[in-house]
Amino acid sequence: MDDDRLPADRHATWLARCLGNSPASPLSPSDLEAMLAVSTVETAGSGAVLFERDDPVRDVYIVEKGKVALARPHGGEPSLLQILHPGDVFGDVGLFLGRPNPVDAIALEPVELLRLAGPDLVRLVSTRPGIAVRWMVSMAARLADAQDRLDALLAGPLDYQVASLLDHAADQGDQVTITQETLARLLGARRPSVSRSLASLEKQGLIARRYGKIELLDRPRLAALAR
């Protein structure tokens with residue numbers, strides 16, 4: 001992985017949109033400047049391991065470009081738990097709890113990340129109330145999203161589970177770049193079963209399967225099915 005000191009003129013707007021977009025806890029210009037001062041940009045190629053399970057937490061990351069998978073070893077193979085997209089934060093929970101990383105973090109494609117050293121982030125949340133409140137809101141939002149995903153995955157037939165995962169994972173263009181194998185591993189299901197569920201959703205006109213991705217044709221109906 002390569003890293004460089006973060007150029008403020010390139011990333012300040014993105015960081016403000018990513019972490020300062022809550023009306024309950026906007027970041028002030030001075031808060032953003034303080035975060036930029038201790039941030040670096042880091043790039044990694046597809047398949048790169050950003051950290052491994054049980055590693056001590058040293059850094060916190062914000063995804064700027066690309067996708068990162070969080071996985072845990074299971075039966076000799078990684079079991080995918082979540083796919084992170086631009087704007088997602090990871091590594092901070094273990095940092096604040098004083099625990100080692102609970103998962104492996106693997107780049108699914110070439111990624112660009114903002115990296116904050118753990119001690120720097122702890123200092124910022126300890127001395128700047130605006131950053132502390134914003135980070136608390138960020139963690140609460142991620143917890144609520146995780147609970148929603150868990151509820152969806154534990155309830156209902158596999159068609160509903162697949163619909164929920166696709167709705168959560170879709171980008172602004174209503175597309176999900178994911179393979180059926182990855183879908184199956186995220187859901188803890190067999191690939192043939194996932195394939196049948198995708199075929200059912202396609203027959204209903206909700207999705208269209210393309211090579212290496214899935215297009216959501218009727219996202220409101222898909223979301224309603226997931227609920």
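# Notebook: strands, a helix pair and a few loose ends

I began with strand β4 (residues 59-65), which pairs with β9 in the antiparallel sense over six bridges. I note here that I am working from a predicted model. For one position in that pairing, I looked up Y61 and found its bridge partner in β9 to be R115.

Next I checked what else β9 pairs with. Strand β2 (residues 39-44) also runs antiparallel to β9, again over six bridges. At one position of this pairing, A44 stands opposite V111 of β9.

Is strand β9 enclosed or open to the outside? I looked at burial along residues 111-117 and found six of the seven residues buried, so β9 is largely enclosed by the rest of the structure. I reminded myself that side chains in a regular strand alternate between the two faces of the sheet.

**The loop before β4**

I then stepped back to the loop between β3 (49-51) and β4, where D54 lies. The phi of D54 is near 75°, a positive value in a residue other than glycine. Buried or exposed, I wondered about D54? D54 is exposed, because its relative accessible area is 55% and the cut-off for exposed is over 50%.

**The three-stranded sheet**

My next stop was an open sheet of three strands, in the order β10-β12-β11 and with antiparallel pairing. Its edge strands are β10 (175-176) and β11 (207-210), each of which pairs on one side only. I followed β10 across to strand β12 (residues 213-216) and found two bridges joining the antiparallel pair. In one of my look-ups there, Q175 had E215 of β12 as its bridge partner.

On the other edge I picked out R210, which sits in strand β11. R210 has 45% relative accessibility, so I logged R210 as partly exposed. I also took a C-alpha to C-alpha distance from R210 to T179: the two are 9.7 Å apart in space and 31 residues apart in sequence.

**The α6 and α7 pair**

How do helix α6 (residues 158-169) and helix α7 (residues 180-187) cross? Their axes come within 11 Å and cross at roughly 110°. The two helices are therefore roughly perpendicular to each other, as the range for that label is 65 to 115 degrees.

I listed who makes the contact: L158, Q161, V162, L165 and L166 from α6, and L183, L186 and L187 from α7. Sorted by class, the contact has seven nonpolar residues, one polar and no charged ones. The spacing made me recall a rule: an α-helix has 3.6 residues a turn, so residues three or four places apart point the same way.

Staying with α7, I checked burial and noted T182, L183, A184, L186 and L187 as buried. Just after α7 comes G188, which takes a positive phi of about 65°.

**The whole protein**

I closed with overall values. I have nine helices and 12 strands down for the protein. Of its 227 residues, buried ones make up 41%. The accessible surface comes to about 11800 Å², and 53% of that belongs to carbon and sulfur atoms.

Last, I looked at sequence separation. Taking contacts between residues at least 6 apart in sequence, I found that 71% join residues at least 24 apart.

Definitions and conventions: Residues are numbered from 1 along each chain as its sequence is written. This is a predicted model: local features need pLDDT of at least 70, side-chain atom pairs count only at pLDDT 80 or more; totals for chains, interfaces and linings use all residues. Side-chain values use heavy atoms; hydrogens and water are left out. Axes are lines fitted to C-alpha atoms, for helices over the stretch in contact, and angles run from 0 to 180 degrees between N-to-C directions. Helices (H or I, at least four residues) and strands (E, at least two) are DSSP runs, numbered from the N terminus. Angles under 35 degrees count as roughly parallel, over 145 as roughly antiparallel, 65 to 115 as roughly perpendicular and the rest as oblique. Contact means heavy atoms within 4.5 Å. Ala, Val, Leu, Ile, Met, Phe, Trp, Tyr, Cys and Pro count as nonpolar, Asp, Glu, Lys and Arg as charged, and the others, Gly among them, as polar. Buried means under 20% relative accessible area, exposed over 50%, partly exposed in between (1.4 Å probe, protein chains only). Accessible areas come from the Shrake-Rupley method with a 1.4 Å probe; for residues, only the protein chains shown count as cover. Two strands pair if DSSP finds at least two bridges between them.
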